[in-house]
Every structure is written in structure tokens, then in C-alpha cells.
Amino acid sequence: TLIYGPPRYGKSVAIGEFNFDFIIKPRASGELPLLKMIDVGPSGGGVINLLHGGLPSNLARQAQHRTIKNTSSFCVNNFDTWLCERHPVSSQKTFLLNFLVSVCASMKSYPSLQGILNMAVDEVYQQTTDEAHNPRCKRYKVGLSPALDAMISGANFNVEDGVTTIWSLVDRFFEAGMIDEAIVAQRYAVPTLPDLASIFSNEGIQNAYPEMHEGSGQPVTSMVSRAVREAIDAFPIISGITQLDASDARVCVFDVKEIIKTPAGPDDFVTLQANAICYLTMMNALLRDFFFDEASVSEVKSDIARDYHLQRARSLTATEKMVVFDEKHVLKGAPGADEQLDYIIATGPKLKIGVLIGSQVLDDASQKSKELATSVVFCGAGEGDGVSKAARTFSMSPRCQAILKSISAPSSKGAEMLMKN
């Protein structure tokens, strides 16, 4: 569903109504559905306040509203993998490449950008796996994480400082039924963005991509690495071990107003790139489990965790899910963002994922999202040629056009909208 409305025409209120209706719909399971939302501003928190008014205190954590900041305490490592998995599955790799395209947007003119990023992603996971007794995988060291130290002590595991691999700890925690501990330990085993930045000095990558960058005269491997390092310096939110965890929330809203800015125009490259990096990272933090189905389990390599993932996949597949992205205009033209949104829209239906995207004008949505939309809601057409554009895009009848043109701003009598299926 696409929902449009100029500022102060009730779009955010309408989205809140749709969200609440989805949540309170009776279900045989008696559980809350899964609804995850990214909003630029506090309005999305209204539904969380309503839920807190009705949920018992022991379930309050199932509904969360977070105001996100660009600090290390909100860090999300986009290289996290499913539990006990040394490599990403295909849906995770698709996201990673879209994310890295936004990180390396300054290199978008380089025709082999996707190729070099794909090779670098494969190599960085190969560097951190413990498969085939890889000597480069990450090792446990006392003091690496006080929380991890305490978990190891509590489990009474024997470890050798600087020798025991973190992946072996992950597996031991998992086999002991200590799932939360395994999840935390794994955050220190997987690659991070700084690991990727250094991978471009790998001889194999340099031999595969020996070209010089036209603008700078520097090797393309150096320029891509530089783009990654610049992002690391500018965005603590993507540059280390995952700290932001809302996995216990079934209904969760991230307010990203403090990390997302309104672009000055389509040529505001710096703002659009920053918005894409932050928005995509929050998408990943909220939705990394949404694309987990039984077909994905066939990609799982871990023998000890396969049944665990199969049970999770069956549970998730049976659960109704909704993702909501408001204020899409902050991403218009942002590198990598439309590609990831289009992927979510295209793959969502088969996984029982509803998608609701809100924005101010019709042009903010990609052509593919408009083609795939099953319903469109207009809270107003705005000024200029908004009505004629809507008519051309969605084959609106003259009567629908007249209704859309007549919609006025909300008043004491209520708010008007036009829905087209």
C-alpha cells in the first residue's frame, strides 16, 4: 500500500489508524502480530502508547518506541548473520550489497562497483570463519567484552585467552541451550565494517580489479576502501559491534528524525547518501528476521542449528507481518535505498509481509513500487499537477480525479481520503 499526503493533510494519522487496525484484528494465536515501522518524527509512537495502555506489564516489552541517534550505543552491525551461521544467506547478502552501494555512493560511476563489493563481502566472511581451521578467525580475549566474560564464567567454560575461537564459544553456548548468550557471543565473531575496509588490500581483490579511478588516478580498490573508511568515521551507528537490539518487540517503531535530514533537493548528494546509510541500517535492525522462511533454511550450513532455524522459520511464516516506512521523500534518489525497498515489496507477499509506504508526493516512490502497489491511499494531491500525475500513474477515472482534487486539509469535521484498489 502506498499512502500520499501533503504536510498537515493527515497522512501520519491515517498510517497510525492502519497500524492500530492491523494490530487489534482478532487472531487465533492470541498474540500480537509483527509490525515494524521507521518514522521520521514521533507520530509513530502513538500506537505504542495505546498498546502500553492495554498490555499487562509483563508484555510491555513487546511494544517499543525508540528514538535513534548516531552514536555507538545505537550501533547495528549489518554483517550480523543468523545464529551459528558463518556466512550470510542470499536475502542478507542482497541487503548488504544495497547497503554498501549507499556507503560507496561516491564510486557509483565505477561500472564494476557491484562486482568488487560482492567479492569483498565474500572475502571478509571467509576471513572470519573458523571453517577449515582458518587461522584468521576472531579469537576470544579477556576484556574484549565484560558481558561476554561474565557469560563464559557463568557457563563455566574452559577457554584459552587469545586461542579459543569465538565461533567455538557460539556453538558451545548454543548446544548448552544458552541462546541469548550465543547471540551475544556471535556479535564478536562476525565481520564488521572496519574489517571490510581493510579487505581491499587483499591481493586477490587487487588483482581482480587493477583499474585506476578516472577522477583521482588512484587504484579503485583504494578509493572504495576510502569510501568505506569515511562512512566509518561519520557514522558510529554502523561502525562496530551491534548494541541496538529490539528483537523482543513484536511491535516496534524507530523514530529516526535525529539521524535523517530533509534533502535540500535532488542534487543534495551528501544528505541523500547519509539518509540511505542510516535508513537502510534501521531497516536491517528491524527486519532481518522477516525474510526468514523454510526455503531460506536450505541455505543454513550449521548442522547443530538447522532444526532451530526450521522451527523459527515455520513460526515466522505463520505470523502476519507488516512493515511501515513513512516519509519516503527523504530517500528519493538515494543510492541503494529504492533497490532495497523494491526487494521488500516484491518478496513480501509470499512471506505474508504487508508493506505500507508513506510520502508527500507521488514522485517519491520508485516506478517498481508503484507498479507493484495493490492499493493507493491519497490524503490529498498537493499543489501543481498532483491530480494529473495520479491519474496517469494509476489509471484514475474522471470521478476519482474530481474527488482527489476536492480533498481539503483536516478540520473539526474530520479528514478526507481517497483509496484506490
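**Note on helix packing, the sheet and charged pairs**

1. Helices α3 and α14 are roughly antiparallel to each other, because their axes cross at roughly 155° and an angle over 145° counts as such. This description, like those that follow, refers to a predicted model. Helix α3 spans residues 90–103 and helix α14 spans residues 337–347, and their axes come within 8 Å. The crossing of α3 past α14 is left-handed.

2. Which residues form the contact of α3 with α14? From α3, the participants are Ser91, Thr94, Phe95 and Asn98, and they meet Glu339, Gln340 and Tyr343 of α14. Sorted by class, this contact holds four polar, two nonpolar and one charged residues.

3. Helix α14 also packs with helix α11, which covers residues 269–287. The axes of α11 and α14 come within 10 Å and cross at roughly 25°. Since angles under 35 degrees count as roughly parallel, α11 is therefore described as roughly parallel to α14.

4. On the α11 side of this second contact stand Ala276, Leu280, Met283 and Leu287; on the α14 side stand Ala337, Gln340, Leu341 and Ile344. By class, seven of these residues are nonpolar and one is polar, with no charged residues. Gln340 of α14 is named in the contact with α3 and again in the contact with α11.

5. The sheet is open and has eight strands, arranged in the order β3-β4-β2-β5-β6-β1-β7-β8, with mixed pairing. Its edges are β3 (63–67) and β8 (418–420); each has a single partner strand, so one side of each is left without a neighbour in the sheet. On average, neighbouring strands are turned by 10° against each other, direction ignored.

6. At the β8 edge, the pairing with strand β7 (residues 376–378) is antiparallel and runs over three bridges. Within this pair, Val376 has Lys420 in β8 as its bridge partner.

7. The structure contains 19 salt bridges. One of them joins Lys11 to Asp326, with the closest N and O atoms 2.7 Å apart. Lys11 belongs to helix α1 (residues 11–24), whereas Asp326 sits in the loop between β5 (321–325) and α14, so this pair ties together parts that are 315 residues apart in sequence. In general, side chains of opposite charge can pair when their charged atoms come close.

8. What does Arg312 touch, leaving aside residues up to four places away in sequence? Its contacts are Asp289 and Phe292. Arg312 is part of helix α13, residues 306–317. The C-alpha atoms of Arg312 and Asp293 are 8.3 Å apart in space, and the two residues are 19 residues apart in sequence.

Methods
Residues numbered from 1 in each chain as written. Predicted model: local features only at pLDDT ≥ 70, side-chain atom pairs only at ≥ 80, totals over all residues. Heavy atoms only, no water. Axes fitted to C-alpha atoms, helices over the stretch in contact; angles between N-to-C directions. Helix = DSSP H or I, 4+ residues; strand = E, 2+ residues; numbered from the N terminus. Parallel < 35°, antiparallel > 145°, perpendicular 65-115°, else oblique. Left-handed = near helix turned anticlockwise from the far one by under 90°. Contact = heavy atoms within 4.5 Å. Nonpolar A, V, L, I, M, F, W, Y, C, P; charged D, E, K, R; others polar. Pairing = 2+ DSSP bridges. Salt bridge = Lys/Arg side-chain N within 4 Å of Asp/Glu carboxyl O.
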